[in-house]
Every structure is written in structure tokens, then in C-alpha cells.
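This report looks at how the parts of a two-chain model pack together. The topics are the chain interface, the domain interfaces and one helix.

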Amino acid sequence: MMNILALETTGKYGSAAVISGEGKVFSAVSAEEMNHLKGMIDLVDEAIKSAGIAKSGLTHVAASVGPGSFTGIRIGVTTARVMAQMLGLPCVGVSSLEGMAYGVLDDAVSAGALYVVPLINARRHQTYAAVYEAQFTSDLENRSLSSVMEEKQYMIEDLLEALSAKLAEHDGAKIFFTGDGIDAYAEIIEGTLPEGSFIYAPEEIRYQLAAPVAEIALRKAQAGQTVDYSELMPEYMRLAEAEQRLKAGTLSDRIRKPVQ
Amino acid sequence: MKDGKFLTLGIETSCDETAASVVADGRFVMSNVISSQIDIHTAYGGVVPEIASRKHLEKINEVIGKALDDAGVTAEDLDLIGVTYGPGLVGALLIGVAAAKAMAYACDKPLIGVNHMHGHIAANYLEHHELEPPFMALIVSGGHTEIVNVPGYNKCEKLGGTRDDAAGEAFDKIARVIGLGYPGGPKIDRAAKEGDASAIAFKRVYLEQGSLDFSFSGLKTQALNYLNQERQAGRDINVNDVAANFQEAVVEVIADKAVDAAERYRQKRIVMAGGVASNSRLRELIGEKAGEKGIDVLKPSPVFCTDNGAMIASAAYYAYKSGERPALDLDAVPGLEF
């Protein structure tokens, strides 16, 4: 009997969820912004208790591994790694972008959108994003996402240009945006894409949540896509700034050259 | 508990060492695992916080696992987990805190947050098993230069500290300027042994009469001016002499003030702590000056001067014994005061 604990701390609000083998989800979401470190264990405990199990009833520990806030990613991944190590459980790594897309899939399908695009604000016109196509059976029973543009760091203008091209290919297609990239780049989106061609996720489901991460983790665990805790790694999608500069050879001279 | 001993796991990630240790009864080190990132940061001329945080995450599980294995215990056997929650680099601290909390929760163990500076002082309990407060503590490291009166296990009264650079920071800066590189402390120490400590007259900075504070930025300026002046005059710079005289000017003031503080508070012991407590000239000079006044100086061996988990375990043990109660909502506090 599977019971997977999933953590999502890559966005503004931390959350934890437990999903059972049948797909029943119990989750706890922080009411405070950026309270990940302080509040993490309380959220975990609340999710486990509301699922009516004990810690010993867990079978996997999953975490959203990014992209997103570097600090947030580290809190979730470290917590998951150590809990898995101590409880002797396998881990499941889930992309924050995939979790966000999955979390709005029902709304996107109901709104008749073809594309689901999670956007995470990476500042200075950059965004961590991916483009998925929403797929569903005619009775709307089975819904899934298939990736059409890989998850990576995009300039918002480049991403929108690629989306414009996709819209031109599919007459009347609509894009469903989610994530805090909407808050940062709404003006650019609205200035680039034709009116009526896109929809924004309502705020209640716009930000990262553990529940869809848990749902994806369940599918991955059922498919045997688990890793040892030591292999559960963050997906920062960006080098540290100093590493970028070291590679580019633009690290401060003050550091590199002695006076003599 | 194992064999009647109270076992504490200490976790430390405040800067660039990922460390964990198991300590019995707050005093006896059963394991001490330190994974240093120094080779990684050397390429950047100093600790890069974002890189430090990333490396801590990659190492923390392995370091905790090895600390348990080396001690021959399991997580089940532990009675307490202690973790540094400040001061330090916030991104680095939070790896240790998140790991410690996850472990405490998963294994149902109490968790105590430890002030890194209290940890440095507690490092002395690990080797001087008879040592008990009260005593005067001198903490000298890359981030700190502090004189602290310690009347009891969990009481620390800061009497003085640096107003600008910490001693280790001053060493790092000068080492960089004269081309010795990072980390400055050990490199200056080594070069100074080959230099003539009376070759250059750097002024000692004692600040106001009776002050137990420090200031090293003026000394740094003196050294930079000296280097410029020599270069302009076309003279060769003797790196070893610069290292010896700069070091002498730093450690003499530290030694004088520590002895002065011990005398004023009638303490018969000075206990050293922190990375710069390994500086051989500081050890020698403070020993001489304190000896003249009948004051003993205790020093941890170099492995317990650098950041380590054992000192955190010891400090956590005494905090727990004094009735401090754990909380799983611990947060990292980068600017934590004494």
C-alpha cells in the first residue's frame, strides 16, 4: 500500500501532501509567505496526520526539485533527502513546472485551452518555463500533459514569440498560463499575444502546490521511477553567479591578481 | 543512550565546512566528520555563499551517515540532535537546520538550536575534560574577534568585539594583496615564520583606554600604504616580512586585550576558540603574556578550532541539560547575537 509524502517549497508558499495508492491526496499549505524552513515540519506532520497514517506508513518521499527559489528548493530537497535516509525510503523527484502545469490541467481543459504554460519569474525578463499540450479523451475522463517545449530558462520575449508561432499553426488555440511569471510579465504577454488567445490561472491555483507534485510522484513511483536519497538533486537551472563569471573569465581582478 | 552514555549528534553548516559528530556525555568525541569545501572556494578567492549552499546539500547526508558509522551507533541510539542555527551564511545554515529538523522528526529525537559562537567555546570541553566555567573566552576566526566572559555553561557575556574586520578576515585580505592567496590565516602564519617581525613598524591599534574592542581596518590601510610606497620607490617587497609584521600587529593587540580582560574579571583561565586560535604566533604570545600574570591558557587542538560538529554537540548537550526545550519550528538566524 503506497503512501507518498510530497514537498513543494520552490515558490512563495510551502506545502506538503500525502497521496495514497488510490490517489487520495491530503495536503497542508502554509499561510505565510517564505516560511519554508520554519514551517516545513509542521506541514509534513499535518499532511501525514490528516492522511490518518504514521510516519512508518510512508513508502516514498517526493520533492519538487525546482526550478524556483534556490533557497526554497534546498529546504524541500534537504528535508526530503534526510527523511528518506532516516526512514529508509526511496525518493521521487518532480519538476516544479510539471507540478504547476498538472495543478491547473483541469481548469485549462475546462477553459478549452490547448497549451498549458507554467511561468516562474526568474527576473530581468527571464523565466523558467515549459510548454505542454493538454491531452484528454472525448469524455474528459483521462487528462494528461505532453511536453512540446522543454523546461528551461527562456527570455519571456523568446518564449512568447515561439507561442505566437504555435498559435498561428492552430487556428483558435488557446494558452493557459500559470505561475508567478504572470504577475511579473502580464504587460509583455498582453502586448505580444492576440487578445482572447490566452487565459491566466486564477490566483488560488497559480502558485506551486504539493498536491499535484504528489499526483505526479504517484505515477512515477508506480512506474518505478524512484531514486536513492543521495540521487535526489535540485534542478536550479542556473549556475551560481560566481560560477558563470569564473567560466566567462570575468571574475573580479581584485580576486585573481595579487598586487606585485 | 548506548552503554549508559548520553549521545548527542552535532551538525554544523554555517560557512564552508559540512560537519557532523557524535559526542558522548557532552565531552567525549566518538566521531568527527568534517567535509571542507576549501578547494572549491579557493578558485574564487573566498567563500561564495551560493556555491557553499549547493555543496552543503550534496554532502550533508553522507556526512551525517559517516558520523553515525564512525561512532558505531545508529540514529536510534541518539538522545539529542544539536544544530548550528546562526550566526553564519543564511543559505549554508539552512541546510544544516533543515537536515537536523528532518532527522529529529523522522527519528523522534529532541532538537536543540546552537549558537555557533557558543559552540566554539564548547570546543574546549571536548579536550579539557576537567574544564568548567567560569573562564574568559577569546574567540578569533574569519568572522569574529571577541572577548567573552563565561560565568556558566549557558551564559556568555560579550565584553568586546571587532568594530570592522575580524582577525581572520584581515589575514585573508592582506594575504590576497601580497599574493599568498586564500585561506589567508594559515598562509600568513607560515610565511611569517620566515620573516623578520621587527622589519616594518606597523602601529598597534588599541582604541580608547580600557576598551576591549578591536579594529583592524586601519592596520590594513597601513599595510597597503607600505606596499604602495615600496613599489613606488622601486624596492622589492619581502612578502615574509610583511606577513610577519602584519601578523605581529594583529596578535599582540589580541593577546594584550584578552589578558587584560581576564585580569579585570579575575578569571584564572583564558579559553581560546575559533579558526585563528590555531595561529601559532597568537598561541605563543598569549601563553607568554598570560603566564606572566599567573593566568592559564587553554587551547583546543587545530581540528576543534575550525568549524566542527563536535563543538555543536557539546553546546547542545549543556543547553539541553540546563532545561532548554526543543522546537521543530527552528529557523536559521544569520545575524544571531551572543
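Which side chains of chain B and chain A meet in a salt bridge at 2.6 Å, N to O? They are Asp108(B) and Lys55(A). The model is a predicted one.

## Chain B against chain A

The salt bridge of Asp108(B) and Lys55(A) belongs to an interface with a count of 3 salt bridges. Polar contacts add to the picture: 11 residue pairs are found across the interface of chain B and chain A, both partners at pLDDT 80 or more. On the chain B side, helix 2 (49–71), helix 3 (90–107) and helix 5 (167–177) are the elements that give two or more residues. Helix 3 of chain B gives the most, with 11 residues. By class, this side of chain B holds 25 nonpolar, 5 polar and 9 charged residues.

In contact terms, 39 residues of chain B touch 37 residues of chain A. The two chains bury about 3,400 Å² between them. Carbon and sulfur atoms give 64% of that area.

## Domains of chain A

Chain A is assigned two domains. Domain 1 covers 3–96 + 208–241, and domain 2 covers 105–205. Their C-alpha centres are 25 Å apart. The contact takes 10 residues from domain 1 of chain A and 8 residues from domain 2 of chain A.

The area buried between these domains of chain A is about 770 Å², with 50% from carbon and sulfur atoms. Three residues, Ser95(A), Met237(A) and Arg238(A), supply 57% of the area that domain 1 of chain A buries against domain 2 of chain A. No other three residues supply more. The salt bridge count between the two domains of chain A is 0. Polar contact links 4 residue pairs across this interface, both at pLDDT 80 or more. The domain 1 side in chain A has 5 nonpolar, 4 polar and 1 charged residues.

## Domains of chain B

Chain B is also assigned a domain 1 (7–127 + 305–321) and a domain 2 (135–301). The C-alpha centres of these domains of chain B lie 27 Å apart. Here 19 residues of domain 1 of chain B are in contact with 25 residues of domain 2 of chain B. The domains of chain B bury about 1,800 Å² between them, 64% of it on carbon and sulfur atoms. In domain 1 of chain B, Ile121(B), Asn124(B) and Cys305(B) lose the most area to domain 2 of chain B, together 35% of what that side buries.

Salt bridges between the domains of chain B number 0. Polar contacts join 7 residue pairs, both at pLDDT 80 or more. Helix 1 (38–42), helix 4 and helix 11 (309–321) of chain B each supply at least two residues of the domain 1 side. Helix 4 of chain B provides the largest share, 7 residues. The residues of the domain 1 side in chain B divide into 9 nonpolar, 7 polar and 3 charged.

## Helix 4 of chain B

Why is helix 4 (residues 116–127) of chain B described as largely enclosed by the rest of the structure? The reason is burial: 10 of its 12 residues are buried, so helix 4 of chain B is largely enclosed. Among the buried residues are Ile121(B) and Asn124(B). Those two residues also appear among the three of domain 1 of chain B that lose the most area to domain 2 of chain B. His116(B), Met117(B) and Tyr125(B) are buried too.

At the start of helix 4 of chain B, a side-chain oxygen of Asn115(B) comes to within 2.8 Å of the backbone nitrogen of Met117(B).

Conventions: Residues are numbered from 1 along each chain as its sequence is written. Chains are lettered from A and ligands numbered from 1 in the order in which they are written. This is a predicted model: local features need pLDDT of at least 70, side-chain atom pairs count only at pLDDT 80 or more; totals for chains, interfaces and linings use all residues. Side-chain values use heavy atoms; hydrogens and water are left out. Buried means under 20% relative accessible area, exposed over 50%, partly exposed in between (1.4 Å probe, protein chains only). Helices (H or I, at least four residues) and strands (E, at least two) are DSSP runs, numbered from the N terminus. A polar contact is a pair of N or O atoms within 3.5 Å; within protein, one must be able to donate a hydrogen and the other to accept it, and residues adjacent in sequence count only if both atoms are side-chain atoms. Contact means heavy atoms within 4.5 Å. Buried area is the accessible area (1.4 Å probe) that two parts lose on being put together, summed over both. A salt bridge is a side-chain nitrogen of Lys or Arg within 4 Å of a carboxyl oxygen of Asp or Glu. Ala, Val, Leu, Ile, Met, Phe, Trp, Tyr, Cys and Pro count as nonpolar, Asp, Glu, Lys and Arg as charged, and the others, Gly among them, as polar. Domain bounds come from an automatic or database domain assignment.
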